[in-house]
Amino acid sequence: MPEDVDLVVAGRVLELGGAPARVGINPITLDAGGESLYFGPMSGTSLYRVDTSDLRDATLSAAELGSRVSHYGDNPLSDGSTVDGAGNVYITAVGDFAIGVTEPRGTYRTLFQHPGLAWPDGFSVGADGWIYVTVNALHESPALGGGPDTDGAAFRILRFQPLAEAFPGR
């Protein structure tokens, strides 16, 4: 569920349908072995983890499954994530024009911040081991109250080296 946190990008509260946007799960990613699912609300500040074996266990009640979800760490307003082999969860920080990481001990820190990271969106690990990120300036779209559709958004694909080995397809 989204938290009661405004999506603020470029100094503006984003809206959906004339009200402040509240978006649930996004980011969401699996570790390379498919053993852990990491997720959080886009409109929120927490990153969670749950074992995928618990998600597949049909004998667990909703309450039992909920009790197996753990708070993994801090998370900025985000639209994408991926994880490396050491448990570093890379996060797109849409409100900060940045890429960050929530480390296994739960602390979040910014890795890269630049005006050109206008709404970093999704990640993919390439065959070369680099992490690729799409940048789409979504906050400028009419759907999020960004004004008329000018069809002039700057779409980019950028890359960076992860802190630890990352696996293609993540």
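In the predicted model, R159 lies over the face of W130, at 3.7 Å from the ring centre. R159 also takes part in a salt bridge with D128, in which the closest N and O atoms are 3.4 Å apart. This pair links distant parts of the chain, since R159 belongs to strand β15 and D128 to the loop between β13 and β14 (131-135), with their positions 31 residues apart in sequence. Both partners count as partly exposed, R159 with a relative accessibility of 43% and D128 with a relative accessible area of 40%.

The chain as a whole comprises 170 residues, of which 41% count as buried, and its secondary structure comes to 2 helices and 15 strands. Among the contacts with a separation of 6 or more, 44% are accounted for by residues 24 or more positions apart. The accessible surface comes to about 8400 Å², and carbon and sulfur atoms contribute 54% of this area.

Salt bridges number 6 in the model. One of them joins the side chains of D4 and R22, at 2.8 Å from N to O; D4 is located in the segment before β1 (8-9) and R22 in the loop between β4 (19-20) and β5 (25-30), so that the pair, 18 residues apart, links distant parts of the chain. R22 forms a further salt bridge with D6, the closest N and O atoms being 2.9 Å apart, and here too distant parts of the chain are linked, D6 lying in the segment before β1, 16 residues from R22. D4, D6 and R22 are thus linked in a network of salt bridges. Within this network D4 is exposed, with a relative accessible area of 69%, whereas R22 counts as partly exposed at 30% relative accessibility and D6 as partly exposed at 31%.

Aromatic side chains form 5 pairs in the structure. In one of these, F123 and F160 are arranged edge-to-face, with 6.2 Å from centre to centre and 80° between the planes. The two residues are 37 positions apart, F123 in strand β13 (residues 120-125) and F160 in strand β15 (residues 156-160), and the pair accordingly links distant parts of the chain. F123 is buried, with a relative accessible area of 12%, and F160 is likewise buried, at 6% relative accessibility. Together with Y90 and F112, these two residues form one aromatic cluster.

Strand β13 also contains D121, a residue that is buried yet has no salt bridge, the nearest side chain of opposite charge being that of R156, 13 Å away. When residues up to four places away in sequence are not counted, D121 touches D79, G80, T92, V133, T134 and N136.

In the segment after β15, A164 is partly exposed, with a relative accessible area of 22%. A164 and N88 are 76 residues apart in sequence, but their C-alpha atoms are 7.8 Å apart in space. Apart from neighbours within four places in sequence, A164 is in contact with D84, A86, N88 and Y90, the last of which is also a member of the aromatic cluster.

As regards backbone geometry, most residues other than glycine have a negative phi. F97, by contrast, has a positive phi, near 55°. This residue is found in the loop between β10 (89-93) and β11 (98-102), and at 16% relative accessibility F97 counts as buried, because the value falls under the 20% cut-off.

Key
Residues numbered from 1 in each chain as written. Predicted model: local features only at pLDDT ≥ 70, side-chain atom pairs only at ≥ 80, totals over all residues. Heavy atoms only, no water. Phe/Tyr/Trp six-rings, centres within 6.5 Å; stacked < 30°, edge-to-face > 60°. Helix = DSSP H or I, 4+ residues; strand = E, 2+ residues; numbered from the N terminus. Buried < 20%, exposed > 50% of the residue type's maximum accessible area, 1.4 Å probe, protein only. Lys NZ or Arg CZ within 6 Å of the ring centre and 35° of its normal. Lys, Arg positive; Asp, Glu negative; His and termini not counted. Salt bridge = Lys/Arg side-chain N within 4 Å of Asp/Glu carboxyl O. Contact = heavy atoms within 4.5 Å. Areas by Shrake-Rupley, 256 points an atom, 1.4 Å probe, with all protein chains shown as cover.
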